[in-house]
Amino acid sequence: MTILIDQPEHAVEEETKVLVDEEKELVLDGGFLAPDTNSFGHTFRTYDAESERQAGVENFYRINHISQTYDFVQRMREAYGKLDKVEMSIWDCCELLNDVVDESDPDLDEPQIEHLLQTAEAIRKDYPNEDWLHLTGLIHDLGKVLLHPSFGELPQWAVVGDTYPLGCAFDESIVHHKYFKENPDYHNPAYNTKYGVYSERCGLNNILMSWGHDDYMYLVAKENKTTLPSAALFIIRYHSFYSLHKSEAYKHLMNEEDDENLKWLQIFNKYDLYSKSKVRIDVEKVKPYYLSLIKKYFPAKLRW
Ligand SMILES: O[C@H]1[C@H](O)[C@@H](O)[C@H](O)[C@@H](O)[C@H]1O
Ligand SMILES: [Fe+2]
Ligand SMILES: [Fe+2]
């Protein structure tokens with residue numbers, strides 16, 4: 001039998017706090033408490049489970065790996081780098097993402113605005129003083145607006161999913177690597193060696209990455225003269241580059257500045273990945289805080 005006793009609110013809060021702190025210490029030495037499974041009951045980033053959703057994700061990567069080529073990326077960077085599609089604020093863009101669902105993601109089928117706020121709020125809890133990192137959480141996936149009709153409604157394979165360099169060999173650690181065999185660059189001797197068109201420690205800034213929401217949002221932030229620090233731009237630009245920040249491939253292309261920025265990306269990644277859940281954030285409640293950050297780091301209207 002359970003006896004319910006009315007308790008003063010703060011007493012309950014105290015108790016939960018102690019428990020959470022203890023759990024954190026046990027699991028991640030004072031850092032972030034990562035859940036074991038996603039909302040579908042799988043471990044995060046499982047790409048080989050058998051389910052209808054997984055089949056969709058695998059098919060996504062098949063088309064992505066066949067179609068992203070050095071030439072394609074060059075054309076997209078040039079076309080979208082003009083930023084002549086739309087004029088809008090950062091918050092307008094968050095709202096546009098309300099309708100977007102990412103077909104490459106085995107861990108999340110919620111609208112993207114939920115994911116943005118879940119990431120930002122989870123970071124804010126553990127790093128209350130790094131307001132630039134909260135805002136980075138909020139905007140890191142805004143490049144997915146490329147899926148929207150006003151941006152030419154690009155197909156999913158050209159917007160979402162993990163990213164990787166073009167112009168050198170595709171590393172085995174990239175998910176569903178086998179499908180690269182059907183990519184024309186895979187057979188091009190200029191592009192299929194360890195260094196390809198690059199040189200040792202040339203810096204990630206000189207690498208052409210597969211085209212998608214990361215590089216696009218980086219261009220938008222940079223060209224609209226954000227005052228966010230360089231670590232924020234690095235996070236936005238490389239957060240889907242899992243073969244680097246998780247599997248440590250392509251490290252021979254990084255320079256010293258990349259080494260520094262990578263530390264922040266690795267912190268960020270835990271929040272991006274493990275905050276994905278069915279727990280909804282009250283948008284109206286947190287909106288004023290994020291509007292104040294947007295005002296601090298961005299112009300009122302941006303060119304997209
Ligand atoms: O499916 C996900 C999703 O598209 C994320 O936004 C991206 O950053 C990840 O790297 C990718 O695997
Ligand atoms: Fe992303
Ligand atoms: Fe994300």
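**View 1. Ile236 sits in helix α8.** This close-up, like the others here, comes from a predicted model. Ile236 has 28 other C-beta atoms within 10 Å, so this residue is buried. If you look around the Ile236 side chain, you will find contacts beyond its sequence neighbours with Thr136, Ile139, His140, Asp214, Met217, Tyr218 and Ala221. Phe268 is 32 residues away from Ile236 in sequence, and their C-alpha atoms are 9.9 Å apart in space.

**View 2. Leu97 and Met217 in the largest nonpolar core.** This core has 72 residues, and Leu97 and Met217 are the ones that touch the most other members. Met217 may look familiar, as it is also among the contacts of Ile236. Leaving out residues up to four places away in sequence, Leu97 touches Gln112, Ile113, Leu142, Lys144 and Val145.

**View 3. Asp102, a listed "binding site" residue.** An unreviewed UniProt entry lists Asp102 under "binding site", along with Arg45, Glu103, Ser104, Lys144, Gly161, Asp162, His239 and Ser240. You can find Asp102 in the loop between α4 (90-96) and α5 (112-126). Asp102 counts as buried because 23 C-beta neighbours lie inside 10 Å. Its contacts farther than four places along the sequence are Leu108, Gln112, Lys144 and Val160.

**View 4. Ser240, from the same UniProt list.** Here the loop runs between α8 (230-238) and α9 (242-245), and Ser240 lies in it. Ser240 has 25 C-beta neighbours inside 10 Å and therefore counts as buried. Beyond four places in sequence, Ser240 touches Gly161, Asp162, Thr163, Gly212 and Asp214. Gly161 and Asp162 are also on the UniProt "binding site" list.

Definitions and conventions:
Residues numbered from 1 in each chain as written. Chains lettered and ligands numbered in written order. Predicted model: local features only at pLDDT ≥ 70, side-chain atom pairs only at ≥ 80, totals over all residues. UniProt positions renumbered as here; feature names shortened; annotations may be inferred. Helix = DSSP H or I, 4+ residues; strand = E, 2+ residues; numbered from the N terminus. Buried ≥ 20, exposed ≤ 12 C-beta atoms within 10 Å, placed from the backbone. Contact = placed C-beta atoms within 7 Å. Core = buried A, V, L, I, M, F, W, Y, C linked by C-beta atoms within 7 Å.
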